Amino acid sequence: MARPSKSVRVKTGAIASDVEAVRQDVEDKLRGENVPPEPPADLTDGQREIFQFIVSGLVASDILGQLDVFVLESTAVAIDRLRYINGLIDADPGLVMHTGLQNARAKYQSDLWRGCNELCLSPQARAKIGSLAAQKQKKEKDPLLAVLSDDD
């Protein structure tokens with residue numbers, strides 16, 4: 001099975017400039033309004049705080065849109081519930097051997113990793129975004145590169 005495509009904003013490797021422009025245009029249209037997503041009303045206060053924390057950390061990356069609210073919501077819920085389960089275990093270390101609790105913990109941990117992957121929250125993803133932003137900035141400032149890319 002092939003790996004899913006990443007956003008053109010965080011893509012590494014060679015990509016034709018015309019393909020990049022088309023992909024970026026389509027991604028921008030699909031992303032929706034360029035405003036930070038708001039947490040759904042049914043989140044708890046703790047989940048809402050986690051949601052806002054993630055959004056505030058990603059707002060500068062310019063990759064979030066209104067449609068990301070669902071990924072943000074499930075990630076916030078997973079983090080909140082992992083914290084709850086870990087608190088239970090901290091209060092009663094014997095629960096470490098409780099199969100049902102550990103299965104629930106594994107499920108929420110999996111949800112968390114999936115959310116991190118989808119939202120580019122890993123250190124590697126942030127490094128990739130930073131590297132691409134630096135390359136883009138250099139290309140925009142270098143008049144020779146700008147002239148060469150205009151010929152493509």
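These questions and answers walk through a predicted model, its helices and its salt bridges.

Reader: Which helix has the highest confidence, and which the lowest?
Author: The chain averages a pLDDT of 81, and 70% of the residues score at least 70. Where pLDDT is low, the predicted coordinates should not be read in detail. Confidence is highest in H3, at 96, and lowest, at a mean of 60, in helix H6.

Reader: Is Thr-75 buried or exposed?
Author: Thr-75 sits in helix H3, which runs over residues 69–91. Buried means under 20% relative accessible area. Thr-75 has 0% relative accessibility, so Thr-75 counts as buried.

Reader: Which residues does Thr-75 touch, leaving out those up to four places away in sequence?
Author: Thr-75 belongs to helix H3. Its side chain has a polar atom 2.8 Å from the backbone oxygen of Val-71. With residues up to four places away left out, the residues touched are Ile-54, Leu-112, Gly-115 and Leu-119.

Reader: How far apart are the end C-alpha atoms of helix H4?
Author: Helix H4 covers residues 99–118, 20 residues in total. At 1.5 Å a residue, H4 should span 28 Å. The model agrees, as the end C-alpha atoms of H4 are apart by 28 Å.

Reader: What arc do the buried residues of H4 cover around the axis?
Author: The buried residues of H4 are Leu-101, Tyr-108, Gln-109, Leu-112, Gly-115 and Cys-116. They lie on the same side of H4, because around the axis they cover an arc of only 120°.

Reader: Which residues are exposed on the other side of H4?
Author: One side of H4 holds buried residues, including Leu-112 and Gly-115. What covers those buried residues includes H3. On the other side, the exposed residues are Thr-99, Asn-103, Trp-113 and Arg-114.

Reader: Which residue takes a positive phi just after H4?
Author: Helix H4 covers residues 99–118. Just after H4, a positive phi of about 55° appears. The residue is Cys-120.

Reader: How many salt bridges does a search of the whole structure find?
Author: Side chains of opposite charge can pair when their charged atoms come close. Asp-45 and Arg-48 meet in one salt bridge. Asp-111 and Lys-107 meet in another, and Arg-114 forms one with Glu-118. The number found in the whole structure is 3.

Reader: What separates Asp-45 and Arg-48 along helix H2?
Author: Their side chains meet in a salt bridge, at 3.8 Å from N to O. Asp-45 is exposed, at 64% relative accessibility, and Arg-48 is partly exposed, at 25%. They are 3 residues apart in H2, so the separation is about one helical turn.

Reader: What is the N to O distance in the salt bridge of Asp-111 and Lys-107?
Author: Both residues lie in helix H4, 4 residues apart, so about one helical turn separates them. Asp-111 is partly exposed, with a relative accessible area of 27%. Lys-107 is partly exposed as well, at 43%. From N to O, the distance is 2.5 Å.

Reader: Which residue forms a salt bridge with Arg-114?
Author: Arg-114 is exposed, with a relative accessible area of 53%. Its partner is partly exposed, at 40%, and lies in helix H4 as well, 4 residues apart, about one turn of the helix. The closest N and O atoms are 2.9 Å apart, and the partner is Glu-118.

Key
Residues numbered from 1 in each chain as written. Predicted model: local features only at pLDDT ≥ 70, side-chain atom pairs only at ≥ 80, totals over all residues. Heavy atoms only, no water. Helix = DSSP H or I, 4+ residues; strand = E, 2+ residues; numbered from the N terminus. Buried < 20%, exposed > 50% of the residue type's maximum accessible area, 1.4 Å probe, protein only. Polar contact = N/O pair within 3.5 Å; in protein donor to acceptor, adjacent residues only side chain to side chain. Contact = heavy atoms within 4.5 Å. Expected span 1.5 Å × (residues − 1). Arc of directions from axis to C-beta. Salt bridge = Lys/Arg side-chain N within 4 Å of Asp/Glu carboxyl O. pLDDT = per-residue confidence, 0-100.
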